[in-house]
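User: Good morning. I would like to go through this model with you, beginning with its cysteines and then moving to pockets and rings.

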Amino acid sequence: MKQDKKLVVAISSRALFDLDESHAIFEQEGKESFCRYQVEHEDKVLAPGVAFSLVKKLLALNKVLPAPMVEVILLSRNSADTGLRVFNSIQHHELDVCRAAFTSGQSPFNYIAAFSAHLFLSTNAEDVAKALDAGYAAATIMSSSKSANESEQLRIAFDGDAVLFSDESERIYRSDGLQAFTENEITEARNPLSGGPFKAFLAALHQIQTLFGPDQSPIRTALVTARAAPAHERVVRTLRAWNIRIDEALFLGGMDKGPFLRAFGADIFFDDQKGHCESACLHVATGHVPHGIANR
């Protein structure tokens, strides 16, 4: 299968594995001590990080697909030398990750396009912001103490405005208030919203879903939005116009999203608003999308 037909996810080493101990050495003692520590411990297997379960489920999709359609790429600020510990851990955990870019401290975001990645996940907010500014779906992985969803099905949840959709409506809400926002959405109900940074990623998930019946798909998606009726109609019609499937849609009207994400069993949730992310990560793994008016 051609590379451009695959769903490609790029991930940083700190999102994939728990590197808090070595990162603390880097912060407190500097790069030289960090490099020495990593080399001295390169045979000590790293524990799973926040996005480890997500990566395992992404790669497991290849076992049920007619041909491999999912690839995970490692994009790391480590050097190849210090990155040896990361690859040793990848092999230990039997993750089918064979492509990587080690940039020795530089931002790796330039390699997102070269690898044709649909999504970039990192703990480095600066790298994520650069990726979003360049037009790629990206999120800063936030730490979460909650255990992963044990279901074999991959479940991904998205916020709407500034994530799946543009922030055009959010701008009206922030400048003119809820009533103006609602009136605009009623007026524009039959005019689809523009796509946000995660539209292409959702479309790639949808392409895999089309290979299965609705009840057999190994992927399940959800829209979890603070919108409520009557502002829901434009969202529904937008997804219909895009011909993209969303399995569940939760219009919460400002309610706390966390309990609903836990009920859905999300392996990860993407939202542009930091406050929503801080609440959500108490329940599920969460990616902050620093995009749109809420992050200006």
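User: How many disulfides does the structure hold?

Analyst: The structure holds zero disulfides, a disulfide being a pair of cysteine sulfur atoms within 2.5 Å. This is a predicted model, in which local features need pLDDT of at least 70, side-chain atom pairs count only at pLDDT 80 or more, and totals for chains, interfaces and linings use all residues. Residues are numbered from 1 along each chain as its sequence is written, and side-chain values use heavy atoms, with hydrogens and water left out.

User: Which cysteine sulfur is nearest to that of Cys-277?

Analyst: That of Cys-281, which is 7.9 Å away, and Cys-277 is in no disulfide. Seen from Cys-281, the closest cysteine sulfur is in Cys-277, and 7.9 Å is too far for a bond.

User: Are these two buried or exposed?

Analyst: Cys-277 counts as buried at 0% relative accessibility, and Cys-281 counts as buried at 12%. Buried means under 20% relative accessible area, exposed over 50%, and partly exposed in between, with a 1.4 Å probe and protein chains only.

User: On to pockets. What is the volume of the largest pocket?

Analyst: The largest pocket holds about 460 Å³ of space. On a 1 Å grid over the protein atoms alone, a pocket is an open set of points where a 1.4 Å probe fits, with protein on both sides within 12 Å along at least five of seven lines. Grid points are joined across faces, edges and corners, and the volume is the space filled by probe spheres set on the points.

User: Which residues lie nearest its centre?

Analyst: Arg-14, His-23, Phe-34, Arg-77 and Asn-78, out of 24 residues in the lining of the largest pocket; lining residues have an atom within 4 Å of a point. Two or more lining residues come from each of helix 1 (13-16), helix 2 (20-29), helix 3 (31-40) and strand 2 (70-76). Helices (H or I, at least four residues) and strands (E, at least two) are DSSP runs, numbered from the N terminus. Helix 2 gives the most to this lining, with four residues.

User: And the second largest pocket: what is its volume, and which residues are closest to its centre?

Analyst: Its volume is about 380 Å³. Of the 21 residues that line the second largest pocket, Glu-170, Tyr-173, Phe-181, Ala-226 and Arg-227 are the closest to its centre. Helix 8 (168-176) and helix 9 (178-187) each supply at least two residues of that lining.

User: Changing topic, how many aromatic pairs are there?

Analyst: A search of the whole structure finds 10 aromatic pairs. Rings of Phe, Tyr and Trp (its six-membered ring) pair if their centres lie within 6.5 Å; planes under 30 degrees apart count as stacked, over 60 as edge-to-face and the rest as tilted. In one pair, Phe-201 and Phe-270 have ring centres 6.4 Å apart and planes at 90°, so the pair is edge-to-face.

User: Where do those two residues lie?

Analyst: Phe-201 lies in helix 10 (residues 199-209) and Phe-270 in strand 9 (residues 268-271), so the pair ties together parts that are 69 residues apart in sequence. Phe-201 is buried at 1% relative accessible area, and Phe-270 at 0%.

User: Which residues form the aromatic cluster with them?

Analyst: Phe-158 and Phe-198 form one aromatic cluster with Phe-201 and Phe-270. Phe-158 lies in strand 6 (residues 154-158) and is buried, with a relative accessible area of 0%.
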